[in-house]
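Reader: Could you take me through the main nonpolar core of this one, and the helix pairs that pack around there? I'd like a close look rather than a tour.

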Amino acid sequence: MKSNFEKDPSNSQAATSYLMFLARSGADLQLFESVCLEWQKALPADKKHIATRALADHLAESEQYDRAREMYETILDNLTGEERVHVLHNIAIVYDELNMQEKAEASWREAYTLNSSNSTIQAAFSQRLANWGKLDMAVKVQPDVGHDLLPDGSDHRGLHIGHGPANHRDPQNGNGCCG
């Protein structure tokens with residue numbers, strides 16, 4: 001994988017394969033970052049954000065939330081469509097981890113507005129709203145949240161209401177925090 005990447009650092013498939021290998025093998029963060037930066041340099045200007053996002057996602061996974069936040073913020077304005085939705089979701093998780101509730105809520109609200117049918121966003125946003133004491137809003141985001149709650153605060157799908165943060169380590173697309 002390393003040799004395929006080194007042959008052509010602009011090859012996104014080789015880069016993501018190598019980065020996934022590094023992440024799964026627990027490679028040093030500095031190595032992961034250097035590969036992302038080399039990949040970013042080799043990409044055309046309109047694709048550089050892909051490598052930045054890969055690094056930001058990995059930083060978030062490594063609980064380096066301040067750095068992840070900075071990187072997400074640098075690319076967010078240039079993103080559209082589902083790519084924007086996924087980064088909004090990821091940055092919302094980072095904001096929440098940094099106790100920046102207003103920014104987290106605003107990011108999830110925008111992501112939800114852009115794609116209200118995304119079940120990952122529905123679950124994460126409604127859970128955070130419930131954790132923040134906004135159960136009425138949580139039910140609007142995911143209407144079945146308030147129904148059939150069990151005594152431990154969970155619903156029939158295992159979504160826990162008011163029992164700590166959702167796990168941001170459930171990747172949705174293989175190279176992201178949640179999306």
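Author: Here is the core, followed by two helix pairs.

A word on the ground rules: this is a predicted model, where local features need pLDDT of at least 70, side-chain atom pairs count only at pLDDT 80 or more, and totals for chains, interfaces and linings use all residues. Residues are numbered from 1 along each chain as its sequence is written, and side-chain values use heavy atoms, with hydrogens and water left out.

The protein chain has 9 helices and 0 strands; helices (H or I, at least four residues) and strands (E, at least two) are DSSP runs, numbered from the N terminus. Of its 179 residues, 43% are buried, meaning under 20% relative accessible area with a 1.4 Å probe, protein chains only.

Now the core itself. The largest nonpolar core holds 43 residues, and L19, W39, Y72 and W108 touch the most other members. (Such a core is a set of buried Ala, Val, Leu, Ile, Met, Phe, Trp, Tyr and Cys residues joined through side-chain atoms within 4.5 Å.) Elements giving two or more residues to this core include α3 (29-42), α4 (48-61), α5 (65-76) and α6 (81-97). The biggest giver is α6, with 8 residues.

Take α5 and α6 next. They pack at an angle of about 150°, with axes 10 Å apart; axes are lines fitted to C-alpha atoms, for helices over the stretch in contact, and angles run from 0 to 180 degrees between N-to-C directions. That makes α5 and α6 roughly antiparallel, a label for angles over 145 degrees. On the α5 side the contact (heavy atoms within 4.5 Å) involves Y65, A68, R69, Y72, E73, I75 and L76, while α6 brings R84, V87, L88, N90, I91, V94, Y95 and E97. By class that's 10 nonpolar, 1 polar and 4 charged residues, where Ala, Val, Leu, Ile, Met, Phe, Trp, Tyr, Cys and Pro count as nonpolar, Asp, Glu, Lys and Arg as charged, and the others, Gly among them, as polar. Y72, then, sits in this contact and is also one of the core residues that touch the most other members.

On to α3 and α4, which pack at about 165° with their axes 8 Å apart, so α3 and α4 are roughly antiparallel too. From α3, L29, F32, E33, C36, W39, Q40 and K41 meet K48, I50, A51, T52, A54, L55, H58 and L59 of α4. The class split here is 9 nonpolar, 3 polar and 3 charged residues. W39 belongs to this contact, and is another of those core residues touching the most other members.

How values were computed. Buried < 20%, exposed > 50% of the residue type's maximum accessible area, 1.4 Å probe, protein only. Parallel < 35°, antiparallel > 145°, perpendicular 65-115°, else oblique.
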